[in-house]
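Okay, thanks for coming, everyone. I have one structure for you today, so let me put it up on the screen.

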Amino acid sequence: MTPATFPGVVPLENLKAFAPDRAGSRTVFESDSISVIVRCWEPGQRTRRHFHVVSDNVIVVLEGQGTVRLGDGEPVTVGPLNFIRVPKGTPHEIVNASGQRLVNVHIYSPKLESADVVPLP
């Protein structure tokens with residue numbers, strides 16, 4: 001049996017979701033204790049600076065290059081297979097300032113709820 005036909009295995013290509021006006025996203029898995037979401041940015045797109053009240057977050061860059069800013073720190077360039085730890089309460093943002101698409105997987109624990117996301121100016 002190949003990974004593409006094994007139950008529970010989904011190729012990354014089937015999870016990519018790009019949108020012209022904002023980062024696209026597709027939920028891979030969710031339970032009470034975890035959310036796993038693939039997020040996709042076109043060149044020039046960004047997330048609004050925000051923090052999570054309840055959820056810790058780990059971001060893994062799968063494709064492309066972008067910058068991430070955590071807390072009051074300087075933006076840091078990230079690329080494939082970089083892991084980004086975002087403890088709950090930490091302001092953060094991701095920017096795709098490159099000329100290529102950016103694809104990340106976001107892992108939240110406990111699961112991500114809309115009330116958990118607090119936008120910042």
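I'll go through the sheet, then the pocket, then a few odd spots in the backbone and side chains. Keep in mind throughout that this is a predicted model.

So, the sheet. Five strands make up an open sheet, and the order across it is β1-β2-β9-β4-β7, with antiparallel pairing. At the edges sit β1, residues 24–30, and β7, residues 83–86, and each of those pairs on one side only. If you ignore direction, neighbouring strands in this sheet are turned by 20° against each other on average. As a reminder from the textbook, strands of a sheet pair through backbone hydrogen bonds, either parallel or antiparallel.

Let's walk along the pairings. β2 and β9 run antiparallel and are joined by seven bridges. If you want a landmark there, find Arg39, which stands opposite Asn104 in β9. β9 also pairs with β4, again antiparallel and with seven bridges, and here Glu63 stands opposite Val103 in β9. Then β4 goes on to β7 through four antiparallel bridges, where Val58 faces Arg85 across the pairing.

Next, the pocket. How much space lies in the largest pocket? About 280 Å³. Its lining has 17 residues, and nearest the centre you'll find Arg39, Thr47, Arg48, His50 and Val117. So Arg39, our landmark opposite Asn104, turns up here again. Several strands contribute: β2, β3, β4, β8 and β9 each supply at least two residues of that lining. By type, the lining residues come out as seven nonpolar, six polar and four charged.

Now the odd spots. Most residues other than glycine have a negative phi, and most peptide bonds are trans. Leu81 goes against the first of those habits: its phi is positive, about 70°, and it isn't a glycine. You'll find Leu81 in the loop between β6 and β7. For the peptide bonds, look at the step from Ser109 to Pro110, which is cis with omega near -5°. Pro110 lies in the loop between β9 and β10.

Last, the rings. How many aromatic pairs does a search of the whole structure find? Zero. Phe18 does have a charged neighbour, though: Arg101 lies over its face, 3.7 Å from the ring centre.

That's my tour, happy to spin the model around if anyone wants another look.

Notes:
Residues numbered from 1 in each chain as written. Predicted model: local features only at pLDDT ≥ 70, side-chain atom pairs only at ≥ 80, totals over all residues. Heavy atoms only, no water. 1 Å grid on protein atoms, 1.4 Å probe; cavity = no way out; pocket = protein on both sides within 12 Å on 5 of 7 lines; lining within 4 Å. Points joined across faces, edges and corners; volume = space filled by probe spheres on them. Nonpolar A, V, L, I, M, F, W, Y, C, P; charged D, E, K, R; others polar. Phe/Tyr/Trp six-rings, centres within 6.5 Å; stacked < 30°, edge-to-face > 60°. Lys NZ or Arg CZ within 6 Å of the ring centre and 35° of its normal. Pairing = 2+ DSSP bridges. Axes fitted to C-alpha atoms, helices over the stretch in contact; angles between N-to-C directions.
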